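Please read the following walk through a protein model together with its coordinates, beginning at the bound ligand and then moving outward to the backbone and to a few individual side chains.

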Amino acid sequence: RPCSLAACSSYRLRDALHPLWQSELTVSGGTRQSPINIQWRDSVYDPHLKPLKIHYDPTTCLYVWNNGYSFQVEFDDSADKSVIMGGPLENHYRLKQFHFHWGAINEWGSEHMVDSKVYPAELHLVHWNPVTSTSFEEAIMENNGLVVIGVFLKLGAHHAGLQKLVDALPAVRHKDAIVEFDVFDPCCLMPSCPDYWTYDGSLTTPPLTESVTWIIKKTPIEVDQNQLEEFRMLLFTSAGEEEKRMVDNFRPLQPLMNRTVRSSFR
Ligand SMILES: CCc1c(F)c(F)c(S(N)(=O)=O)c(F)c1F
Ligand SMILES: [Zn+2]
């Protein structure tokens, strides 16, 4: 990671000691773990990749909660109302939830990297395959049971769409807190550029199962400093416990091993 010496050393130290990952640094026998560093020049343009088609129904949004790893927005996935299809996918996938990963400072925070460039945060929209699985929980264990769209966040202009979510964060400051969050369209968090990379990987949090088709958008969305700092005011800890700020909730890079990253663009 290109960073100042101080940041690097503290990053390495923190990385090794971070409670979130002390026990999960490797999955025995993992051959397709996530996240990875996407080397742009090694990615292979695949002309057969179709445009990604996204149809989210804003009324399927249910609530926001703090699950002790991140804050997560849950959706009603009891029908094919908020779905994605096309791209590298053979059928449609239902939106289940989205969440973020971020750093204590703007110098790091994303899980994936592009040519070793790291972003201050990364959005993950998690979908499951209702054709091969009967539930999200089952799909987590299925080969290609899940599709996660990754969107990088970079420091820049205020993001009006995100602000509605940021305004709900004080209500879910502690682990297991939950707040109703009705109509929200996650499409407002997607960049307009259609370009993406795709590769076969895993969950980046326990159970780290190798069930994810990753779709990583090439173009980041912009959020402002205040919005990033609101993320960093969340807590890993429950009410009444000694407060631990929810920051650096990202998994370290994993080896590419025998995988090729495909791009939808030349
Ligand atoms: C078990 C629920 C869950 C997560 F907690 C999670 F962090 C991710 S991730 N970071 O790979 O997008 C998932 F895909 C996922 F299904
Ligand atoms: Zn994630």
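In this model, which is predicted, ligand 1 sits in the largest pocket, and that pocket is a convenient place to begin. The shell around the ligand holds 14 residues, of which His99, His101, Leu203, Thr204 and Thr205 come nearest. By residue class, this shell divides into seven nonpolar residues, six polar ones and one charged one.

Where in the fold do these neighbours come from? Three strands, β7 (93–102), β9 (121–128) and β10 (146–155), each supply at least two residues of the shell around ligand 1. Among the contributors, β7 gives the most, with three residues.

The polar side of this environment can be followed atom by atom. A polar side-chain atom of histidine 99 lies 3.3 Å from a nitrogen atom of ligand 1, and a polar side-chain atom of histidine 101 likewise lies 3.3 Å from a nitrogen atom of the ligand. For threonine 204, an N or O atom of the side chain is 2.7 Å from a nitrogen atom of ligand 1. Taken alone, the ligand exposes 370 Å², and the protein buries 90% of that area.

Strand β9, one of the strands that supply the shell, also contains histidine 124. Is this residue buried or exposed? Histidine 124 counts as buried because its relative accessibility is 1%, and the cut-off for that class is under 20%. Its side chain makes a polar contact of 2.7 Å with the side chain of glutamate 122.

A second pair of side chains can be read in a similar way. Aspartate 195 is placed in the loop between β11 (178–180) and β12 (196–201), and its relative accessible area of 16% is the reason why it, too, is classed as buried. The side chain of aspartate 195 is joined to that of lysine 218 by a polar contact of 2.8 Å.

The backbone deserves its own inspection, and the background for it is that most residues other than glycine have a negative phi, while most peptide bonds are trans. Which peptide bonds are cis, and where do they lie? One joins serine 34 and proline 35, with omega at about 0°, and proline 35 belongs to the loop between α2 (19–22) and β1 (37–38). Another cis peptide bond joins proline 206 and proline 207, with omega at about 10°, and proline 207 is found in the loop between β12 (196–201) and β13 (212–217).

Positive phi values in residues other than glycine can be examined next. Serine 116, which is not a glycine, has a positive phi of about 65°, and its place is in the loop between β8 (113–114) and β9. With a relative accessibility of 30%, serine 116 counts as partly exposed, because that class covers values between the 20% limit for buried residues and the 50% limit for exposed ones. Aspartate 176 also has a positive phi, near 75°, and is located in the loop between α4 (160–166) and β11 (178–180). Its relative accessible area is 49%, and therefore aspartate 176 is partly exposed as well.

Conventions: Residues numbered from 1 in each chain as written. Chains lettered and ligands numbered in written order. Predicted model: local features only at pLDDT ≥ 70, side-chain atom pairs only at ≥ 80, totals over all residues. Heavy atoms only, no water. Near = heavy atom within 4 Å. Polar contact = N/O pair within 3.5 Å; in protein donor to acceptor, adjacent residues only side chain to side chain. Areas by Shrake-Rupley, 256 points an atom, 1.4 Å probe, with all protein chains shown as cover. 1 Å grid on protein atoms, 1.4 Å probe; cavity = no way out; pocket = protein on both sides within 12 Å on 5 of 7 lines; lining within 4 Å. Sits in = over half its atoms within 2 Å of the grid points. Helix = DSSP H or I, 4+ residues; strand = E, 2+ residues; numbered from the N terminus. Nonpolar A, V, L, I, M, F, W, Y, C, P; charged D, E, K, R; others polar. Buried < 20%, exposed > 50% of the residue type's maximum accessible area, 1.4 Å probe, protein only.
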